[in-house]
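Reader: Could you take me through one part of this model in detail? I'd like to see how the helices pack there and what sits between them.

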Amino acid sequence: MKNIFKILIITLVIGSLISCNSKDSRNYEYMPNMYRSIPYDTYGEYDNFVDGNSALIPPEGTIARGYSLFEFENNTAGYELAKKQLKSPFTSSAEVDIKTGKELYNIYCAVCHGSKGAGQGILVKREKILGIPSYSDVGRAINEGSIYHTIYYGKNSMGSYAGQLNEDERWLVTHYVLKLKSDLEN
Amino acid sequence: MNKKYKKVDSKFYLIKNSKFFPCISLGKLLLPLAFIFTISSFGQDADPVKGKALFNSNCAACHKLDKKMTGPALRGVEDRLYNDEGLDREWLYKWIRNSSSLIKSGDDYANKIYAEYNGAAMTAYPQLSDDDLNNILAYTAQEKPAPVIKAVEVSPTGGNTSNGISNEIILGVFAFMFLLLSLGLFVVNKTLRSFAAQNNIQLPTKKKSTRKPLWKAFVDNQFLMLCSAIIMLLVSAYFVYGFLMQIGVNQGYEPVQPIHYSHKIHSGDNEIDCNYCHSSARVSKHSGIPSLNVCMNCHKSIYEYNGETTEEYSKEFYDAEIQKLYKAVGWDDESQEYTGETQAVKWVRIHNLPDFSYFNHAQHVSVGGIECQTCHGPVEEMEIMYQYSPLTMGWCINCHRETNVKVKDNQYYEKIHEQLSKKYGVEKLTAAQMGGLECGKCHY
């Protein structure tokens, strides 16, 4: 008699423990000190960082490994200079991996510029962002230097994509944009 | 991940210090005049509808009618320039077709406005004809539509709420009456009993039965007791096991985030690619949470929400969330510049493997070619992000046993594929056969 009651109570308690596990708090862990790391986590919050954030901006003036110095300034003069002087490191079209360029373009640029580069991305079709230019716009007359500068720093209401694309990838996208431009013009 | 953000920051300050277009009071004095001018200056042929289409495709990236963006607000620009600066339509033609040559020619006002916008260059539009420009100017000359005042709906919802209240009142009254009734019965019962006691009336009492009660018979039967004890033990063992197994598993975890960021709206409705924001998934262990400058790539232009709303989430709610984003990056939408006061947004981390296990996104996404949705579930339908998979070791191992490695078009695998398929005598290789079950691959 008593046993049955005890067992009942235990199952009830366990049942309620299971069902009380609410979805906006974390579950219990067996050995928290093995689960949570002593070294800093990529996105952790720690007292000894500025703002407590372990994701830091690199010190000014440093260049990450695998990147090179970009000398053109982030203003209209720098843009014009890049248009004149900046040349792609790929000298022949055989070196350019158009397939990867296309993939990257479709991830980062097509939402606004459209997969054909005519300025008809999904955000434009849904009227969320307006006034995206076509790559074949004569007034803009974009070339490899200006495209790279635009990806690197952004231009007016277009933001910079330097954080999302590394140096090689930026050039791949640049070449894909040039391809779209010539497709549009023909 | 964060390599280039500082550069991005300097971009942010490009349009700092620019002010609203100065509105000289003379302009206000001349406003009635201006109106007459508007009417007289447009021929019958200027079509504001065509103008709108041209404006949206050419100018809207930098100009809005009533809001300063990269360039000044353009509503009534022709009148304003005429009245304030004495510039006519010819000047506008020149400016729009090629503003930089106008600036270089030393034009006073052109240089002034160019300096005011900190040297942000307007694109040249040599391809626009006079007609096109007239249409655009006709569109900018349109009066601002009066804000539509929504009629406050009274009946159905209002009725409903009052109904709800009256329902509660009625229920309360019933409960109160029920209480009174039972109290009354109790009192009556008591007084009757005391009457009976006073008058020496014998109340009939229940006879004690001599038969064994059922449960006692049950307890006395040893076999039955044994059986039921075993069943009870098994059932509770099942529950205990279930409880112990789900410790440390966070499937369904759905915390409240500091900004109500909806994957449904971004990736579902607007089809933004996952990699756009989680850009390091392609190349590194972590997928990463986008820094706020990535958000601002779009939200410099998208300052309010105009999509579908539900009962739970209204437009006001969504707009307030976008304002939270502006506050965190320190973007002043009025003056279109960064204030420099930023606050970190502390997103609550959802997926988190224990420290003793190693998982790499690039390995699965780029090399393995697995869709995000296989592991993270229908993200593009999630209004609020939650953990879809259990992320237990069994889950990883199961998938490694079942999933074939994509060896095609992958030079990395050419040789090893040949050798392994010889070894196992199969054409297709699962991740497990490649060594995806070795403890050392996931545990260090």
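Author: Quick bit of vocabulary: a helix here is a DSSP run of H or I with at least four residues, a strand is a run of E with at least two, and both are numbered from the N terminus. Counted that way, chain B comes out at 22 helices and two strands. Keep in mind that this is a predicted model.

The part I'd zoom in on is helix α8 of chain A, residues 167-185, and its two packing partners. Two packed helices are described by the angle between their axes and the distance between the axes, so let's do that for each pair.

Start with α7(A), residues 144-153: its axis comes within 9 Å of the α8(A) axis, and the two cross at roughly 130°. That angle is why the pair counts as oblique. As for hand, the crossing is right-handed. On the α7(A) side, the contact is made by Glu144(A), Ile147(A), Tyr148(A), Ile151(A) and Tyr152(A). Facing them from α8(A) are Glu167(A), Arg170(A), Trp171(A), Val173(A), Thr174(A), Val177(A) and Leu178(A). Sorted by class, that contact has eight nonpolar, one polar and three charged residues.

Now the other partner, α4(A), residues 98-108: here the axes come within 8 Å and cross at roughly 90°. These two helices are therefore roughly perpendicular. From α4(A), the residues involved are Ile98(A), Thr100(A), Gly101(A), Lys102(A), Leu104(A) and Tyr105(A). They meet Glu169(A), Leu172(A), Val173(A), Tyr176(A), Val177(A), Lys179(A) and Leu180(A) of α8(A). The split for this contact is eight nonpolar, two polar and three charged.

Val173(A) and Val177(A) turn up in the contact with α7(A) and also in the one with α4(A). Both also belong to the largest nonpolar core, which has 28 residues, and they are among the members touching the most others, along with Tyr105(A), Tyr108(A), Ile129(A), Leu165(A) and Tyr276(B). Chain A gives two or more residues to this core from each of α4, α5 (110-113), α6 (122-125), α7 and α8, and chain B does so from α14 (274-277) and α15 (292-299).

Tyr105(A) deserves a closer look. Leaving aside residues up to four places away in sequence, Tyr105(A) touches Val173(A), Tyr176(A), Val177(A) and Leu180(A), and its other contacts include Ala110(A), His113(A) and Tyr135(A). Apart from this core lies another, of 26 residues, including Val77(B), Leu87(B), Trp95(B) and Tyr125(B).

Key. Residues are numbered from 1 along each chain as its sequence is written. Chains are lettered from A and ligands numbered from 1 in the order in which they are written. This is a predicted model: local features need pLDDT of at least 70, side-chain atom pairs count only at pLDDT 80 or more; totals for chains, interfaces and linings use all residues. Side-chain values use heavy atoms; hydrogens and water are left out. Axes are lines fitted to C-alpha atoms, for helices over the stretch in contact, and angles run from 0 to 180 degrees between N-to-C directions. Angles under 35 degrees count as roughly parallel, over 145 as roughly antiparallel, 65 to 115 as roughly perpendicular and the rest as oblique. A crossing is left-handed if the near helix is turned anticlockwise from the far one by less than a right angle, and right-handed if clockwise. Contact means heavy atoms within 4.5 Å. Ala, Val, Leu, Ile, Met, Phe, Trp, Tyr, Cys and Pro count as nonpolar, Asp, Glu, Lys and Arg as charged, and the others, Gly among them, as polar. A nonpolar core is a set of buried Ala, Val, Leu, Ile, Met, Phe, Trp, Tyr and Cys residues joined through side-chain atoms within 4.5 Å. Buried means under 20% relative accessible area, exposed over 50%, partly exposed in between (1.4 Å probe, protein chains only).
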